[in-house]
Amino acid sequence: MNNVVNIKRAVEIAHKSKSEDKKIVLVGGCFDILHIGHITFLEKAKSEGDVLFVLLESDESIWKSKGEGRPINNVDDRAKILSSLKFVDFVVVLPEMNSRQYDELIVEIHPDVIATTRGDMAVSHKIRQAKLTGAKLKYVTGMIKDSSTTNLIKLLG
């Protein structure tokens, strides 16, 4: 799990990557129960650049946004699962952050591309972050029908 890094290390790696003219792609999310939608999204995001950073939401953040019983997998398990994917270069485990702190982190990493999916409910934040950093916002995939952690939980429940 040596590609699971804290914020300070992520910023150092991003600056070094930029100095080597590597194109940085940034994604963020919960990635609670990894499914084909996540895999497709991450693989396509990686194809947009040289270094893929995944900003991984904290357990507290997910609980606040998704409600009781979430996340299913704790942050350490989610980080380990994501870090095992060959197209994920770095997983950044986030503390609970407000919008300003999150934006400051994006500015520090200074991605070339912020990848998202068509239909992303948080796209307005990503548009703002792309403008802040001069990054391109790329829609790398659409939502894959019935492929969400929430839908999987409903099927099992």
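The largest nonpolar core of this predicted model holds 20 residues. Within this core, Phe 53, Leu 55, Val 92 and Ile 109 touch the most other members. Several elements contribute to the core. Helices α1 (7-19) and α5 (99-109) each supply at least two of its residues. So do the strands β2 (24-29), β3 (51-56) and β4 (90-93). In soluble globular proteins, nonpolar side chains tend to be buried together.

Phe 53 shows how these elements meet. Residues up to four places away in sequence are not counted here. Phe 53 touches Ala 10, Ile 13 and Ala 14. Its contacts also include Ile 24, Val 25, Leu 26 and Val 27. Phe 90 and Val 92 complete the list. Another core lies apart from the largest one. This other core has 19 residues, among them Phe 31, Phe 41, Val 113 and Val 140.

The overall fold was examined next. The protein chain has 7 helices and 6 strands. Along the sequence, their order is β-α-β-α-β-α-α-β-α-β-α-β-α. The radius of gyration of the protein chain is 15 Å. This agrees with the value near 15 Å for a compact globule of 157 residues. Along the principal axes, the C-alpha atoms fill a box of roughly 50 × 30 × 25 Å. Of the 157 residues, 45% count as buried. Contacts with a separation of 6 or more were also analysed. Residues 24 or more positions apart account for 72% of these contacts.

The surface and the charges were computed as well. The accessible surface of the protein chain comes to about 8500 Å². Carbon and sulfur atoms make up 54% of this surface. The chain carries 23 positive and 21 negative charges. The mean positions of the two sets are 5 Å apart.

Two residues illustrate opposite surroundings. Lys 126 sits in helix α6 (residues 123-133). Its relative accessible area is 15%, so Lys 126 counts as buried, the cut-off being under 20%. Neighbours within four places in sequence are again left aside. Lys 126 is then in contact with Gly 28, Ile 114, Thr 116, Asp 120 and Leu 137.

Met 143, by contrast, is exposed, with a relative accessible area of 56%. Met 143 is found in the loop between β6 (136-142) and α7 (149-156). Beyond residues up to four places away in sequence, Met 143 touches Thr 117, Arg 118, Gly 119 and Asp 120. Asp 120 is thus a contact of Met 143 and also of Lys 126. Met 143 and Gly 37 are 106 residues apart in sequence. In space, their C-alpha atoms are 7.1 Å apart.

Backbone geometry was considered last. The peptide bond from Arg 70 to Pro 71 is cis, with omega near 0°. Pro 71 lies in the loop between α3 (59-66) and α4 (75-83). Asp 21 is not a glycine, yet its phi is positive, at about 60°. Asp 21 belongs to the loop between α1 and β2. With a relative accessible area of 72%, Asp 21 is exposed. His 110 also has a positive phi, near 50°. His 110 lies in the loop between α5 and β5 (113-118). At 35% relative accessibility, His 110 counts as partly exposed.

Definitions and conventions:
Residues numbered from 1 in each chain as written. Predicted model: local features only at pLDDT ≥ 70, side-chain atom pairs only at ≥ 80, totals over all residues. Heavy atoms only, no water. Helix = DSSP H or I, 4+ residues; strand = E, 2+ residues; numbered from the N terminus. Rg over C-alpha atoms; globule rule 2.2 N^0.38 Å. Buried < 20%, exposed > 50% of the residue type's maximum accessible area, 1.4 Å probe, protein only. Contact = heavy atoms within 4.5 Å. Areas by Shrake-Rupley, 256 points an atom, 1.4 Å probe, with all protein chains shown as cover. Lys, Arg positive; Asp, Glu negative; His and termini not counted. Charge placed at Lys NZ, Arg CZ, Asp CG, Glu CD. Core = buried A, V, L, I, M, F, W, Y, C linked by side-chain atoms within 4.5 Å.
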